[in-house]
Amino acid sequence: MGIDVTVKVGGEAGQGIQTVGDLLARVCHGCGLYVLAVNDFESRIRGGHSFLQLRISDRPVAAPDHRVHLLVALSPRTLDMHLSELAEDGLAIFDSQEQAPGDNVVSIAVTDMARKAGGAIMANTVAAGACLSLLGAPDSLLERVLKTQFQAKKAGVLENNLKAAQSGVQAVAAIDFAPAFVWPEKKPAGKLLSGAKILALGALAADCRFAAFYPMSPATDIMANLTGFEDRAPLVVEQAEDEIAAVNMVIGASFAGVRAMTATSGGGFALMAEGLGLAGITETPIVIVNSQRPGPATGLPTRTAQADLRFVLHAAQDEFPRFVFAPINLNDGFETMGRAFVLADKYQVPAIVLTDQYFNDSVNIAQKPLTAPESVERHIVTDVDMDDPKAYRRYEITDSGISPQALPCAGQALVMVSGNEHQQDGHISETIPDRIGQVDKRFRKLAAMEGEMRSPRADYPDSRVLLVAWGSAAGAIHESVEMLRSEGMDAGGVYFTDIWPFPQQAAEEILGRCERFYMVEQNVSVQLGGLIRERTGLKFYQAVLKYDGRPFFPFEIARRVKAAEEAIDG
């Protein structure tokens, strides 16, 4: 039987919950294990209730497990809220000097031990030491990570943390923990990264040179990660006064000739809608990441959702071509960012990348190498490419709908653009022929854009029953499909990553041959399911929906699909 253990560390914001998870994840990753760390926190700096759930396995995992084997409660509220989640052989560690309130709860004075080691701030190190000891990890593994983490700190910090970790180890030395396992000694399996960081790396690999943003959870970490590369790459990252300014800065940078992006969440994207329309009519390539969270309005700022799909498809008044992508995992996120920049550039349209809080804030392993292209093709024309630069027309009507794009002040060509409808040379025009000609020209791009769309990915695509999703829900579906198949159901999974232009033919081929399919989405109106019906005429049988702000557990998807299938057979 393989390794599959879940550790949940909970407490108040400010208690170092994420630090515990980071230490555990780095130790596990360092010896070749796979991990998935999911952050759940309130939108406050101090107090409240937060937790980090870490799944540890000897095989790739892409979804959290509902069973908790080891619960570390740094506050009484954590114990009250999550004790019922313990597996049969699970154990809870409670930060207290008083008697444990249950047979499967052990009281350990974590904070008091930290103070004795040098300060209460090291409670997270004490907790990490206790966790790893219970799981059977050699002391040397945590010691190695601590030395790496604190080697640059002032004298005494490392020694105190080593002392704190050891006190945690000693506190649980006499406890026999059933889920403990033999730790492997293998090379790390890929890179341990957050979704936010992988998106930033994908942008850098695609030669993004300018990024502007206004902070908005859960997108801010994308820009924070980009900022970390400003002194090592030809990149400028600017914090604007609001989202309106950010998107217009990006449009200006792209007009001047550099690849540019912004990142926000649904509320910020709403403010960017007018700028999106400006990019549409001026045919300026930009990339916008919309990291979804529950709304409307402020909603749940630090939770996850998939409810902006219809919004981004139709944002900004009137109609114009755009790309919409929704990566399903870390490696796909890296590749998708690259494709977004390339295709926006090639077709002179906006490209929108839909992620969510779960995707951005979770930490997982990118198994494939992250490689930047050897060269970057830019679809820019210069005087050398033109027979007569002085006769250049920015919005020349072409068979493909793609007009030559020259850079302003970069040669003899006069580059004119306007947010109004315009003639082929860029001058404002309200004549009927110019209006119809430019609208038709822009929409002629769609035929080739459709050819760029990847087919949905699939597990067991010829199955009788298919579970269909988009974006980050794919990991949970993949595992739920395996659960259903282990119980004898002929089930498969289908995952849409390229959503607009909609891959109609591929969707019809895959979904048209199954007996029935279920939609699995984190919204209330089954947004992708409605789009599939609209574009193909195919209707899903039922929907498995979750819109409480938390990610899917594989078991809940499998349970609901199984119940629906049993109702049919019964």
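## Exercises on a predicted model

Asp 207 sits in the loop between helix 7 (195-205) and strand 8. Keep in mind that the model is predicted.

**Exercise 1.** Work out what is unusual about the backbone at Asp 207.

*Solution.* Start with the residue type: Asp 207 is not a glycine. Now check phi, which is positive at about 75 degrees. Tyr 460 is another non-glycine with a positive phi, about 50 degrees here. You'll find Tyr 460 in the loop between strand 15 (457-459) and strand 16 (465-470).

**Exercise 2.** Lay out the sheet that contains strand 8, and find its edges.

*Solution.* Write down the order first: 9-8-10-11-13-12-18, an open sheet of 7 strands with mixed pairing. Strand 9 (236-239) and strand 18 (498-500) each pair on one side only, so by that criterion they are the edge strands. Neighbouring strands are turned by 20 degrees against each other on average, direction ignored. Then look at what packs on the sheet: helix 12 (residues 330-347) does, touching strand 8 (208-213) and strand 10 among others. Its direction makes about 175 degrees with that of strand 12.

**Exercise 3.** Decide whether Gln 357 is buried or exposed, and pick out a contact with a cis peptide bond.

*Solution.* Gln 357 is found in helix 13 (residues 357-361). Its relative accessibility is 4%, and the cut-off for buried is under 20%, so Gln 357 counts as buried. Next, go through its contacts, which include Asn 39, Phe 41 and Pro 218. Pro 218 is the one to pick: the peptide bond from Ser 217 to Pro 218 is cis, with omega near 0 degrees.

Note on methods: Residues are numbered from 1 along each chain as its sequence is written. This is a predicted model: local features need pLDDT of at least 70, side-chain atom pairs count only at pLDDT 80 or more; totals for chains, interfaces and linings use all residues. Side-chain values use heavy atoms; hydrogens and water are left out. Two strands pair if DSSP finds at least two bridges between them. Helices (H or I, at least four residues) and strands (E, at least two) are DSSP runs, numbered from the N terminus. Axes are lines fitted to C-alpha atoms, for helices over the stretch in contact, and angles run from 0 to 180 degrees between N-to-C directions. Contact means heavy atoms within 4.5 Å. Buried means under 20% relative accessible area, exposed over 50%, partly exposed in between (1.4 Å probe, protein chains only). Lists of a residue's contacts leave out its neighbours within four places in sequence.
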